[in-house]
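Reader: Please take a close look at one chain here. I would like to know how its helices and strands are put together, and how it meets its partner.

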Amino acid sequence: MTTFVIEANGLTKRYRTGTAVDNVTFGVAAGEIFGMLGPNGAGKTTTILMLIGLSEVSAGTARVFGRDPKREPLAIKRHVGYLPDSVGFYDHLTAADNLHYTARLMGLEPEVRKARIAAALERVGLSSVADKKVATFSRGMRQRLGLAEIVMKDARAAILDEPTNGLDPQASVELLELIRSLKTQGVTILLSSHLLDRVQSVCDRVALFNEGRIALMGTVADLGRQVLGGGFAVEVEAQGGTNVATHLSSLPGVRSVEQPAPGRWRLTCDRDLRAEAAAEVVAAGARLSKLSLDEPSLETIYTRYFQSAQEVPRAA
Amino acid sequence: MRREGSAFQGLGIVLLKELADHFASARMRVLEWLVVLTALAAVYGAIQQVRDVTAEDPFLFLRLFTTAREPLPSFVSFLSFLIPLMAIGLGFDAVNGEHNRRTLSRILSQPIYRDALLFGKFLAGLVTLSVSLLSLWFLVIGLGLIMLGVPPGGEEMARAFAFLVVTIAYAGVWLALAILFSVVFRSAATAALVTLGLWLLVSVIWPALSPAIAETLFSGADQATLVVGGQMLARLSPATLFGECVLALLHPTTRTLGPIYLSQLQGAVMGAPLPFWDSVMVAWPQIVGLIAATILLFAAGYVTFQRQEVRA
């Protein structure tokens, strides 16, 4: 078994009104980007708060760097950077002053502080506005300033709650790029989101949260196999030829062939059959014009999963 | 198993930051001007009055604080009115402000405990109030020196200083209350309104109401019980406690803050001032009461804050 940097074991949070997090178990390995996905109110933020000791644990255990956030929150918070959902800063202070305050709380020495703050702001591309008041900052700039705080902390693990929430596409691409660059430095990252397609591109593994539980967990490809049933979808576009569909369905490994439009076929197969399909289309005497492999999209998995998850209780 | 590390780690940093915020804020500037101008007006009035009436008062300097000249109230009554306002102004958005700016979870994810944040905020408020009150105190004494031309005696200074300490304790009560409500209410406006409402109730309505309540509570009891009961009830209000402290400290002839029994009058020289420490002893329960109220209110806010969910 690999040792996990962040680990939740049967983690549960009960409020008087109900259970927010119900028996959640997962682990984030060192250097991994782990995504917690799910609709709002699925218990992602509550799980995060329990992991860094900002919320009491009702049952189960949480471990970060092998430490218990209930008992040793300071040791954890010293090495974990946290970017809350729609992070806030003191508007009347400048970007650099905001970082100075948290740097002092982190206990950084004055000399180290200055250099680290400058480097962190440089890293997230905010050096030019370091002496501007945060009141003038856009949402994207605030999120980047939040990341700068984590960079400055030299955190070994970062927990990001909805980092791309409310950002325009350009800003969220930039932010994800920054997150990826953190990973290359060996930072372990746990992030939560309900924006699936953006997050899909950075996460090594994901867990789908629903009503306080983890519904599914694994790599995106794994989930695709579990939820969508079929492994790979190959799309073929070709002109002419005879009995193309029959030819394609005769290939070993093809489970079904659909023809959504004239001259277009969609194959569901067990493995990547692009090369074989191309040969078969040509053998049928058709001119191949497009060949593509649909990677399972998290969006599809998610929608499909929650559709079926909702149908069950309604039927019952 | 104990939790690791000191609860006060980061306290100094929070304190300094909050202090800087207070001193730079526009709110503080307005409050300062309000306090300084009104207080100066009151002292000026008092000086005019003091010049007119007395030359033989041994505690001439203390009259600066307590003498009123129509239509202005005395410096002390001004203070008892303005200090709660100032303290509430500094404290009403201490915690809910952090919530609403969404800075709370970010700050608490740094290696500090919640204790440091709340305690730092309270101390910063108290230091700010103390600095303002101390400068005000110096202002008044300086003005008195210049305009009266009489230097204060040692005992007068001691009494004036004790008065300053009591004033700070009184400010602490309202600051702790404001911070408590800033923890309880998520909206800063609600917190401010509730605190102000409670202040009105406690300092204006309650003293007037307490004799009536005493009468219903102890109906049929003798006159002395009614008076003492009413006074006890009135003392639940920090404004009453502050008023009594001031009375004992700044009017040296005050012998008791309750009803006077005949036995106490035996051998007393009417109108003779008490020594300083005896005056302090007269007001001691009230002084302790003010400090205890501050601690209790702060503790209530502290417990509530510790149990509160951080998430917005």
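Author: What follows goes through chain A by domains, sheets and a helix pair, and ends at the contact with chain B.

The model is predicted, so local features are given only at pLDDT of at least 70 and side-chain atom pairs only at pLDDT 80 or more, while totals for chains, interfaces and linings use all residues. Residues are numbered from 1 along each chain as its sequence is written, with chains lettered from A and ligands numbered from 1 in the order in which they are written.

Chain A falls into domain 1, covering 4–218, and domain 2, covering 232–295 (bounds from an automatic or database domain assignment). Taken over C-alpha atoms, the centres of domain 1 and domain 2 of chain A are 44 Å apart.

Take the sheet with strands 1, 2 and 4 of chain A. In chain A, 3 strands form an open sheet in the order 2-1-4, and their pairing is antiparallel (strands are DSSP runs of E of at least two residues, helices are runs of H or I of at least four, and both are numbered from the N terminus; two strands pair if DSSP finds at least two bridges between them). Strand 2 (18–29) and strand 4 (59–64) of chain A each have a single partner strand and stand at the edges, so one side of each lacks a neighbour in the sheet. The average turn between neighbouring strands of this sheet is 15 degrees, direction ignored (axes are lines fitted to C-alpha atoms, for helices over the stretch in contact, and angles run from 0 to 180 degrees between N-to-C directions).

Strand 1 (residues 4–15) of chain A is joined to strand 2 of chain A by 8 bridges, the two strands running antiparallel. Within strand 2 of chain A, A:Val24 is the residue opposite A:Leu11. Helix 1 (residues 44–51) of chain A packs on this sheet and touches strand 1, strand 2 and strand 4 of chain A (residues are in contact if their C-beta atoms, placed from the backbone, lie within 7 Å). The direction of helix 1 of chain A makes about 115 degrees with that of strand 1 of chain A.

Another open sheet of chain A has 4 strands in the order 11-12-10-13, again with antiparallel pairing. Its edges are strand 11 (254–261) and strand 13 (286–294) of chain A, each of which pairs on one side only. From one strand to the next, the twist averages 25 degrees. Strand 11 of chain A runs antiparallel to strand 12 (residues 264–269) of chain A, and 5 bridges join them. There, A:Val257 has A:Leu267 in strand 12 of chain A as its bridge partner. Lying across strand 10 (232–240), strand 12 and strand 13 of chain A is helix 10 (residues 274–283) of chain A, which runs at about 160 degrees to strand 13 of chain A.

Now the helix pair. Helix 4 (residues 110–123) and helix 5 (residues 139–153) of chain A pack with their axes 8 Å apart, at an angle of about 135 degrees. The two helices of chain A, helix 4 and helix 5, are therefore oblique to each other (under 35 degrees is roughly parallel, over 145 roughly antiparallel, 65 to 115 roughly perpendicular and the rest oblique). Where helix 4 of chain A passes helix 5 of chain A, the crossing is right-handed (the near helix is turned clockwise from the far one by less than a right angle; anticlockwise would be left-handed).

Helix 4 of chain A brings A:Arg116, A:Ile117, A:Ala120, A:Leu121 and A:Arg123 to this contact, and helix 5 of chain A brings A:Ala148, A:Val151 and A:Met152. By class, the residues of the contact between helix 4 and helix 5 of chain A are 6 nonpolar, no polar and 2 charged (Ala, Val, Leu, Ile, Met, Phe, Trp, Tyr, Cys and Pro count as nonpolar, Asp, Glu, Lys and Arg as charged, and the others, Gly among them, as polar).

Last comes the partner. In the contact of the two chains, chain A takes part with 24 residues and chain B with 22 residues. On the side of chain B that touches chain A, helix 1 (11–24) and helix 6 (104–108) of chain B each supply at least two residues. Helix 6 of chain B gives the largest share of that side, 4 residues. Sorted by class, the side of chain B that touches chain A holds 7 nonpolar, 7 polar and 8 charged residues.
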